[in-house]
Amino acid sequence: MSIEDVTDECKVFYFVGQETTSALLVWTLVLLSMYQDWQDQARQEVFQVIGDDKANLDHLNHLNIVLRLYPPVSGLVRQINEEIKLADVTLLLGMEIVLLINQIHHDHDIWGADVKEFKPERFSEGVSKATNNQVVSFLPFGGGPRICIGINFVMLEAKLAIAMILRKFSFELSLSYKHARVNKVTGQPEYSANLILHKL
């Protein structure tokens with residue numbers, strides 16, 4: 001790799017790492033603001049798992065974050081490196097395909113009639129059960145050999161931030177909040193996400 005290639009890769013790590021983590025955090029806080037009962041359950045989980053201690057790796061591994069409704073990345077672009085035949089379609093060498101994660105995560109055939117509902121309990125028995133054994137349909141950070149290299153770091157960082165917020169604050173959406181998602185590189189709230197925090 002040239003110095004320019006290494007520099008470009010570093011820029012990608014920095015940008016994607018910050019953008020995906022911030023998207024994950026903002027949508028988690030928005031959804032927990034919209035569904036106060038889930039916020040309460042999440043807070044109880046934090047107090048049960050961590051209590052008043054400093055969070056450690058073992059604590060964070062026991063906390064859960066669900067990324068189906070608003071995955072950090074809206075889609076993935078992949079280049080075909082050899083001719084592939086899928087059913088009656090031939091993908092040629094050099095073609096680019098786009099995997100629309102948002103559409104896959106909102107597919108009625110995979111997730112059921114309640115696909116648009118915030119139901120973290122659908123994952124209580126794991127991703128396989130939630131996707132009717134179509135695990136490749138859950139792609140918040142991509143999948144396969146090209147899965148996001150920073151997935152574990154992002155998840156630990158997000159869990160730590162959310163746990164710290166839940167221990168110190170309750171939160172709700174501001175009256176000025178308008179629910180709309182805009183897809184750029186990552187999915188962001190189109191009109192920002194104004195939250196009101198209340199110190200516990």
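The mean positions of the chain's 18 positive and 24 negative charges lie 5 Å apart. This is a predicted model. The chain has 200 residues, and 36% of them count as buried. Its secondary structure comes to 7 helices and 8 strands.

**Overall build**

- The C-alpha atoms fill a box of roughly 60 × 45 × 35 Å along the principal axes.
- About 12500 Å² of the chain is exposed, and carbon and sulfur atoms supply 57% of that area.
- Among contacts with a separation of 6 or more, 65% come from residues 24 or more positions apart.

**Helix 1**

- Helix 1 covers residues 3–34, and T20 is found in it.
- T20 has a relative accessible area of 2%, so it is buried.
- Leaving aside residues up to four places away in sequence, T20 touches P72, V73, F141, V154 and T186.
- E4 is also found in helix 1.
- E4 counts as exposed because its relative accessibility is 58%.

**Surface patches**

- E4, D5, D8 and E9 gather on the surface in a patch of negative charge.
- V77, V98 and L100 make a nonpolar surface patch of about 250 Å².
- L100 lies in strand 4, which spans residues 96–100.
- L100 is partly exposed, with a relative accessible area of 40%.

**Salt bridges**

- Side chains of opposite charge can pair when their charged atoms come close.
- The structure holds 3 salt bridges.
- One joins the side chains of D40 and R43, at 3.4 Å from N to O.
- D40 and R43 both lie in helix 2, residues 36–49. They sit 3 residues apart, about one turn of the helix.
- D40 counts as partly exposed, at 41% relative accessibility. R43 counts as buried, at 10%.
- D114 forms a salt bridge with K119, and their closest N and O atoms are 2.6 Å apart.
- The side chains of D114 and R122 also meet in a salt bridge, at 3.4 Å from N to O.
- D114, K119 and R122 are thus linked in a network of salt bridges.
- Within this network, D114 is buried, with a relative accessible area of 19%. The cut-off matters here, because buried means under 20%.
- K119 is partly exposed, with a relative accessible area of 24%.
- R122 is buried, with a relative accessible area of 14%.

Conventions
Residues numbered from 1 in each chain as written. Predicted model: local features only at pLDDT ≥ 70, side-chain atom pairs only at ≥ 80, totals over all residues. Heavy atoms only, no water. Patch = residues over 30% accessible without salt bridge, like charges linked within 9 Å, V, L, I, M, F, W, Y side chains within 5 Å. Areas by Shrake-Rupley, 256 points an atom, 1.4 Å probe, with all protein chains shown as cover. Salt bridge = Lys/Arg side-chain N within 4 Å of Asp/Glu carboxyl O. Helix = DSSP H or I, 4+ residues; strand = E, 2+ residues; numbered from the N terminus. Buried < 20%, exposed > 50% of the residue type's maximum accessible area, 1.4 Å probe, protein only. Contact = heavy atoms within 4.5 Å. Lys, Arg positive; Asp, Glu negative; His and termini not counted. Charge placed at Lys NZ, Arg CZ, Asp CG, Glu CD.
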